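Hi,

Here is the structure I promised to pass on. Have a look first, and my notes follow below.

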Amino acid sequence: MQIWISGIGGHMGRAVLAQCRAAGIEVVGGIDLQPLEDEAIPVYHSFDEAPVKGDAIIDFSKPGALEPLLRYAARNSIPAVIATTGLDEKQLHDIDQAAERVPIFRSANMSIGVALLRQLARKAAQVLGDDFDVEIVEAHHNRKADAPSGTALMLYDAVQAAYDEPHPMVPGRYGRNCKRQKGEIGIHALRGGTVVGEHEVCFFGPMERIKLSHSAENRAVFAVGAVRAAQFLIGREPGLYTMDDLLA
């Protein structure tokens with residue numbers, strides 16, 4: 001198996017490179033604006049410059065790098081794992097279009113544990129219903145740019161899908177008129193230090209409360225999930241795949 005890594009010079013890109021080497025998977029090249037200390041791997045500024053080869057792409061870069069990646073993947077029939085967060089609606093639409101031509105795996109969090117947390121949160125919301133208020137809390141390191149995290153938004157979508165009526169998202173609260181409204185789902189982002197990633201879904205009910213949580217202790221957990229996702233895509237039909245498909 002031969003892998004491209006988009007964002008190979010970043011923390012997650014280097015973690016994916018280490019995981020590939022541990023698993024005996026060849027990394028044929030990387031995409032990054034900065035050179036890689038490992039001169040054995042060619043690094044290009046964009047997929048527009050990259051030669052055509054490889055079995056899959058793993059992307060932990062930035063939203064601005066997505067367009068040439070999707071163009072390269074679709075044109076050359078190379079599956080892609082998109083793990084970059086902070087994508088806008090147009091970029092999500094571009095992913096959907098690319099998935100009509102090539103297998104695309106997209107998740108804001110590549111952890112198997114977070115995928116399970118998402119399923120548990122939806123099940124809890126189905127069982128507990130509107131008698132319980134829902135709040136989502138996430139914490140990340142002080143360099144993370146987007147808030148709330150892509151994973152927190154995934155958890156919100158999972159909980160929201162359990163209800164018949166829309167439950168609006170309320171990102172944080174500030175001011176004097178912040179009394180909680182029936183049915184809203186609060187999301188709160190904490191930033192500091194070197195936190196890899198922590199997520200908690202809280203259900204507050206009459207006389208009891210339930211908390212579902214996940215803590216990532218090492219970035220390697222996301223790299224492991226991304227490599228598994230790339231292996232999962234090999235031989236698949238074009239389409240958009242998620243962690244739910246991998247768990248199934």
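A spot to start with is serine 77, which comes right after helix H2 and has a positive phi, near 55°. Keep in mind throughout that this is a predicted model.

Going back into H2 itself (residues 66-76), the buried residues are Leu66, Pro68, Leu69, Leu70, Tyr72, Ala73 and Ala74. What sits over them? The cover includes strands S1 (2-6), S4 (56-59), S5 (80-82) and S6 (103-106), along with helix H3 (89-98).

One of those covering strands, S5, holds valine 81. Valine 81 counts as buried because its relative accessible area is 0%, and the cut-off for buried is under 20%. Leaving out residues up to four places away in sequence, valine 81 touches Ile57, Ile58, Asp59, Phe105, Met110, Ala226, Ala229, Ala230 and Leu233. Aspartate 164, on the other hand, is 83 residues from valine 81 in sequence and 32 Å from it in space, C-alpha to C-alpha.

Now for another valine. Valine 201 is in strand S10 (residues 197-205), and its relative accessibility is 0%, so valine 201 is buried too. Its partner to look at is glutamate 135: the two are 66 residues apart in sequence, yet their C-alpha atoms are 6.0 Å apart. Glutamate 135 is also among the residues that valine 201 touches, again not counting those up to four places away in sequence; the others are Ala121, Val134, Ile136, Leu155, Val159, Ile210, Lys211 and Leu212.

Some of those names come back in a helix pair. How do H4 and H5 cross? The axes of H4 and H5 (residues 150-160) come within 8 Å and cross at roughly 30°, and the crossing is right-handed. From H4, the residues that meet H5 are Val114, Leu117, Arg118, Ala121, Arg122 and Ala125. Facing them from H5 are Thr151, Met154, Leu155, Ala158 and Val159. So you will find Ala121, Leu155 and Val159 both in this helix contact and in the list for valine 201.

H4 (residues 112-128) also carries leucine 120. Is leucine 120 buried, partly exposed or exposed? With a relative accessible area of 44%, leucine 120 is partly exposed, because that value falls between the 20% and 50% cut-offs. Together with Leu116 and Leu247, leucine 120 makes a nonpolar patch on the surface, and the three have about 240 Å² of accessible area between them.

Cheers

Technical notes
Residues are numbered from 1 along each chain as its sequence is written. This is a predicted model: local features need pLDDT of at least 70, side-chain atom pairs count only at pLDDT 80 or more; totals for chains, interfaces and linings use all residues. Side-chain values use heavy atoms; hydrogens and water are left out. Patches are made of residues with over 30% relative accessible area and no salt bridge: like charges are joined within 9 Å, nonpolar side chains (Val, Leu, Ile, Met, Phe, Trp, Tyr) within 5 Å. Accessible areas come from the Shrake-Rupley method with a 1.4 Å probe; for residues, only the protein chains shown count as cover. A salt bridge is a side-chain nitrogen of Lys or Arg within 4 Å of a carboxyl oxygen of Asp or Glu. Helices (H or I, at least four residues) and strands (E, at least two) are DSSP runs, numbered from the N terminus. Buried means under 20% relative accessible area, exposed over 50%, partly exposed in between (1.4 Å probe, protein chains only). Axes are lines fitted to C-alpha atoms, for helices over the stretch in contact, and angles run from 0 to 180 degrees between N-to-C directions. A crossing is left-handed if the near helix is turned anticlockwise from the far one by less than a right angle, and right-handed if clockwise. Contact means heavy atoms within 4.5 Å.
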